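Please walk through the model shown here, going from its strand pairings to a loop and then to its enclosed space.

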Amino acid sequence: MKKIIIIFCVLIIFAVLAVNRMKYIAEENAREVFNIARAEKIDGVPVETMIAKVETGFLRSPAAVRNGRILVAGNRINQFRVGQRLSGGGRINSIPGRVDLDTGLFAITTNSRSGNFFVEMEHRGVFVPLSAIENSAIMLSENGIVTTKRIAVVATDIERAVVRGLAAGDVIILTRIEPGTKIRDVTR
């Protein structure tokens with residue numbers, strides 16, 4: 001009889017432990033665990049955006065002025081125009097039609113003092129960061145879904161580009177993301 005009571009007590013202990021374990025498992029299963037894939041599917045992937053707007057602004061090209069001249073390589077000569085302003089004061093006076101044989105560069109004349117400046121190039125259009133352009137295309141948000149749109153780059157500087165092919169009000173995505181992805185804007 002003593003054996004039966006011991007076995008009965010052990011079974012009761014195991015039953016109590018099993019019930020407590022099942023209760024604990026049920027409580028854990030009832031908790032909502034954060035799952036980034038689920039959150040992105042429901043709410044969208046967080047991205048930074050900007051609104052396209054047509055404006056007049058300046059792109060800046062570096063220029064070293066020495067003795068009233070800016071020496072420029074042939075691939076950059078088309079960026080400069082007579083009358084353009086320099087960031088340190090002064091303007092471009094003339095742009096030569098041929099290469100300076102002493103330097104192998106174009107020698108643009110200016111009325112600026114010597115120093116390192118930026119030539120300010122005025123443009124009208126949509127300005128976007130260069131990082132938003134990939135293979136002549138920009139990512140846009142259409143109803144919270146990522147799409148791509150082909151654009152034409154008019155001019156660039158070290159940070160920005162002026163582009164054609166966007167309309168005022170287009171939502172430009174600045175974060176790299178795959179087309180077709182649901183997104184949510186986190187830009188402040």
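Two strands count as paired when DSSP finds at least two bridges between them, and a strand here is a DSSP run of E with at least two residues, numbered from the N terminus. The model is a predicted one.

With that in hand, start at strand E7, which covers residues 106-110. Four bridges connect E7 to strand E4, residues 69-72, and the two run antiparallel. Within this pairing, Leu-71 stands opposite Ala-107 in E7. Strand E7 also pairs with strand E6, residues 92-94, again in the antiparallel sense, over two bridges. Here Ser-94 has Thr-109 of E7 as its bridge partner. Strand E7 thus takes part in a pairing with E4 and in another with E6. As for solvent contact, E7 is mostly covered, with four of its five residues buried; the cut-off for buried is under 20% relative accessible area.

Further along the chain, strand E12 (residues 152-156) and strand E13 (residues 160-164) pair antiparallel over four bridges. Three residues lie between E12 and E13, and the two strands form a hairpin. Across this pairing, Ala-155 stands opposite Val-162 in E13.

The next stop is a loop with unusual backbone angles. Most residues other than glycine have a negative phi. Asn-135, which is not a glycine, has a positive phi of about 55°. The residue sits in the loop between strand E9 (133-134) and strand E10 (137-142). Ser-136 is found in the loop between E9 and E10 as well, and its phi is also positive, near 55°. How exposed are these residues? Asn-135 counts as exposed because its relative accessibility is 63%, and the cut-off for exposed is over 50%. Ser-136 has a relative accessibility of 34%, so it counts as partly exposed.

The last topic is internal space. Rolling a probe the size of a water molecule over the atoms shows where empty space is left. A search of the whole structure finds one cavity of 30 Å³ or more. The largest cavity holds about 50 Å³ of space. Which residues line the largest cavity? The lining consists of Ser-131, Ala-132, Met-139, Ile-173, Leu-174, Thr-175, Arg-176 and Ile-177. By residue class, this lining divides into five nonpolar, two polar and one charged. The charged one is Arg-176, because Arg is among the residue types that count as charged. Among the nonpolar ones are Met-139 and Leu-174, because Met and Leu count as nonpolar.

Terms used:
Residues are numbered from 1 along each chain as its sequence is written. This is a predicted model: local features need pLDDT of at least 70, side-chain atom pairs count only at pLDDT 80 or more; totals for chains, interfaces and linings use all residues. Side-chain values use heavy atoms; hydrogens and water are left out. On a 1 Å grid over the protein atoms alone, a cavity is a set of points where a 1.4 Å probe fits but cannot get out, and a pocket is an open set with protein on both sides within 12 Å along at least five of seven lines; lining residues have an atom within 4 Å of a point. Grid points are joined across faces, edges and corners, and a volume is the space filled by probe spheres set on the points. Buried means under 20% relative accessible area, exposed over 50%, partly exposed in between (1.4 Å probe, protein chains only).
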